[in-house]
Amino acid sequence: MTKAVDFYARSVHDVARDLIGCVIRHGETAGRIVETESYHMEEPACHAYVGLTPRTRTLFGPPGRAYVYFSYGIHSLLNVVCEDEGVGAAVLIRALEPMDGIDLMRARRGVERPQELCSGPGKLTQALGIGLADNDSSLLDGPIEVLPRTREPRIAVGERVGISKAVELPWRFCDASSPHVSRPWPAQMRAAA
DNA sequence: CATGGGATTGACT
DNA sequence: GTCAATCCCATGC
């Protein structure tokens, strides 16, 4: 059963934590969420920080929809819109553990190892075939489905990755026991620079 | 209309 | 660890 809108109409941080362990399905492909980050309009790393623009229209829209945007000219990144309409907040899906359609994922990604299929926000959209066409689509009855978790994961919390502003906020959530995260955990705390 | 930066990835030193 | 690819979009003239 797909989640109800009430699940998304809450604090974006609570949703980010509760999405760990849930399953994302798109067509033949599906994976278990093992890594998320939360973003909110009140902090500068969030796209909604600049206010309502054509790009951020989806972020300010009703909860329970997909916000997909194009980054670095190459990658589509998948977010889940949260909180009330008029509030710009979303959860970035950063990594999945592949479950269904793994051969199709391999064909789309051009790699074989399961750990390399969905271990990054740009990788998982490629593996699942999600693109800009899915922006603003409903997660309740649209092409992308979110299914409840089947067991309680052990969750680790840390600082977000790959941003230059508000880097100190502990808004990254991971399945602490999964080998499918986008970067080593918790060794990620060590500065890469 | 021109410009600059970015919630990344993968190839290379 | 360093760096380029590549394009959407926000901003400024």
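Mentor: Before we start, a residue is near a strand if one of its heavy atoms lies within 4 Å of it. Also, keep in mind that this is a predicted model.

Trainee: Got it. So how many residues surround DNA strand B, and which are the closest?

Mentor: There are 18 residues around DNA strand B, and the closest are Tyr69, Asn79, Gly120, Gly122 and Gly162.

Trainee: What does that surface look like by class?

Mentor: Eight residues are nonpolar, seven polar and three charged. Strand E4 (75-81), strand E5 (89-100) and helix H5 (121-128) each supply at least two residues.

Trainee: Which atom of DNA strand B does the polar side-chain atom of Asn79 lie 2.3 Å from?

Mentor: A base nitrogen. Tyr72 also has a base nitrogen of the strand at 3.5 Å, but from a backbone N or O atom. For Lys123, a backbone N or O atom lies 3.4 Å from a phosphate oxygen.

Trainee: Switching topic: how many aromatic pairs does the count come to?

Mentor: Two. The ring centres of Phe7 and Tyr8 are 5.1 Å apart with planes at 90 degrees, so that pair is edge-to-face. Tyr67 and Tyr69 make a stacked pair, 5.6 Å centre to centre with 20 degrees between the planes.

Trainee: Are Tyr67 and Tyr69 buried or exposed?

Mentor: Both are buried.

Trainee: And why does Phe7 count as buried?

Mentor: Because its relative accessibility is 16%, and buried means under 20%. Tyr8 is buried too, at 0%.

Trainee: What lies over the face of Phe7 at 4.2 Å from the ring centre?

Mentor: That's Lys3. Arg10 lies over the face of Phe7 as well, at 4.9 Å from the ring centre.

Terms used
Residues are numbered from 1 along each chain as its sequence is written. Chains are lettered from A and ligands numbered from 1 in the order in which they are written. This is a predicted model: local features need pLDDT of at least 70, side-chain atom pairs count only at pLDDT 80 or more; totals for chains, interfaces and linings use all residues. Side-chain values use heavy atoms; hydrogens and water are left out. A polar contact is a pair of N or O atoms within 3.5 Å; within protein, one must be able to donate a hydrogen and the other to accept it, and residues adjacent in sequence count only if both atoms are side-chain atoms. Helices (H or I, at least four residues) and strands (E, at least two) are DSSP runs, numbered from the N terminus. Ala, Val, Leu, Ile, Met, Phe, Trp, Tyr, Cys and Pro count as nonpolar, Asp, Glu, Lys and Arg as charged, and the others, Gly among them, as polar. Rings of Phe, Tyr and Trp (its six-membered ring) pair if their centres lie within 6.5 Å; planes under 30 degrees apart count as stacked, over 60 as edge-to-face and the rest as tilted. Buried means under 20% relative accessible area, exposed over 50%, partly exposed in between (1.4 Å probe, protein chains only). A charge sits over a ring if NZ of Lys or CZ of Arg is within 6 Å of the ring centre and within 35 degrees of the ring normal.
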